[in-house]
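Thanks, everyone, for making time this morning. I would like to walk you through one part of a fold, beginning with a pair of helices and then turning to the sheet beside them, so please have a look at the picture first.

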Amino acid sequence: MAAACGPARADLRNAYPHNAGTTQGAHDGGHAQIGASAPWSRSSPAPVQIHDQLDTGDRFDVADAAALPWPDGCVDLLVGSPPYALEVPYAGGDVPDYAAWLEALTAWLAELFRVANPDWGRLCLNVPLDRDLGGWEPVSADTIQLARSVGWQFRTWIIWDKLQAGAGTHRGSIDSAAAPNVTAPVESILVFYRGSWYRSGPAAMPHEAWLELCGPRGLWRFHGTSDPHSPAPFPEELPLRCVTLFSFPGDVVADPFVGRATTAAVAARLGRVVWAADRDAACVAAARAWVDRERRVHLAQQRVHLPQHSAADGLLRPQIEEVGN
Ligand SMILES: C[S@@+](CC[C@H](N)C(=O)[O-])C[C@H]1O[C@@H](n2cnc3c(N)ncnc32)[C@H](O)[C@@H]1O
């Protein structure tokens with residue numbers, strides 16, 4: 001790890017049990033239930049030692065993903081989904097077309113490579129399998145090629161089945177081979193790394209998660225989600241799986257396209273240090289608020305497990321009283 005990284009990782013490792021999943025809600029009213037198909041994410045928090053977790057090393061930046069204000073080599077895991085040039089109404093607009101997208105993606109991937117830990121940094125990038133706006137394009141295949149061109153090493157290709165098979169009506173030429181359309185109702189989670197895939201660290205993953213997600217399980221099945229306040233979010237299940245599988249407690253987990261903050265909130269909930277960025281200042285503010293709320297929920301849960309007259313009692317009480325405000 002580069003010397004300039006330095007967040008309070010040891011504190012977070014101690015402060016969060018490895019499987020402290022909760023259903024404490026999204027910033028927009030708790031509509032998104034975490035781990036609907038992941039029972040291993042719902043076990044109760046274990047008693048843990050109390051620290052001042054609000055000094056966590058989290059950071060929140062309004063920035064373009066091609067020029068992040070983050071130091072070299074400090075991020076352990078990146079999880080995110082960029083814009084796809086599909087005319088999504090982001091603040092500031094979407095990338096205009098596929099050619100421009102390939103150019104932008106190259107710059108983003110190079111910047112993500114810079115901030116990733118040179119010895120073990122990992123990237124989980126959610127992109128479509130393909131697209132058909134103004135021409136059919138093999139988005140995932142192109143993304144792999146570009147990622148490798150800027151230094152990332154390819155590890156695996158997870159297929160996310162969004163359980164939408166049969167919903168589409170755009171089948172092309174009716175009853176004819178003239179120009180049929182065949183579109184797989186899936187997206188990709190492309191997994192890359194820098195340095196070595198192997199990392200040393202504790203066996204801190206819930207055993208059920210390892211059983212369920214690893215091995216020949218590169219086909220993930222869970223529904224997508226929508227949010228009236230945020231275009232193109234992914235569901236909590238996606239970062240829940242990626243962060244659980246590909247990072248250790250206390251790691252720096254970053255999302256440079258943080259959107260409504262799905263990755264940031266889940267990473268905080270799982271006891272990771274959160275680095276979040278987005279071009280849209282409103283997204284960054286929402287991310288800070290949701291992460292803060294997750295941290296405070298954890299403090300409150302730990303408070304419940306404290307002995308009646310713990311020495312830490314006085315330290316925590318003011319923070320706990322703010323939960324739910
Ligand atoms: C697909 S959304 C991310 C959604 C996120 N995964 C979630 O669950 O909310 C893409 C995000 O990238 C942001 N964005 C677009 N262009 C960007 C750029 N050049 N640099 C950084 N962020 C950008 C948008 O503002 C949007 O919030």
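On the α2 side of this helix pair, the residues in contact are Tyr98, Trp101, Leu102, Leu105, Thr106 and Leu109, and on the α3 side they meet Val139, Asp142, Thr143, Leu146 and Ala147. Sorted by character, the residues of this contact come out as 8 nonpolar, 2 polar and 1 charged. Please keep in mind that we are looking at a predicted model.

How do the axes of these two helices cross? Helix α2, residues 98-115, and helix α3, residues 139-149, have axes that come within 10 Å and cross at roughly 40°, which means that α2 is oblique to α3. The crossing itself is right-handed.

Let me move on to the sheet, which is open and has 8 strands with mixed pairing, in the order β1-β8-β7-β2-β3-β5-β4-β6. At its edges are β1 (59-62) and β6 (219-221), each of which pairs on one side only, and from one strand to the next the twist averages 20°.

Within that sheet, β2 (residues 77-80) and β3 (residues 122-128) pair in the parallel sense over 4 bridges, and leucine 77 has arginine 122 in β3 as its bridge partner. Helix α2 packs on the sheet here, touching both β2 and β3, with a direction that makes about 160° with that of β3.

Helix α3, for its part, lies across β3, β4 (153-161) and β5 (186-193), and runs at about 10° to β5.

Conventions. Residues are numbered from 1 along each chain as its sequence is written. This is a predicted model: local features need pLDDT of at least 70, side-chain atom pairs count only at pLDDT 80 or more; totals for chains, interfaces and linings use all residues. Side-chain values use heavy atoms; hydrogens and water are left out. Axes are lines fitted to C-alpha atoms, for helices over the stretch in contact, and angles run from 0 to 180 degrees between N-to-C directions. Angles under 35 degrees count as roughly parallel, over 145 as roughly antiparallel, 65 to 115 as roughly perpendicular and the rest as oblique. A crossing is left-handed if the near helix is turned anticlockwise from the far one by less than a right angle, and right-handed if clockwise. Contact means heavy atoms within 4.5 Å. Ala, Val, Leu, Ile, Met, Phe, Trp, Tyr, Cys and Pro count as nonpolar, Asp, Glu, Lys and Arg as charged, and the others, Gly among them, as polar. Two strands pair if DSSP finds at least two bridges between them.
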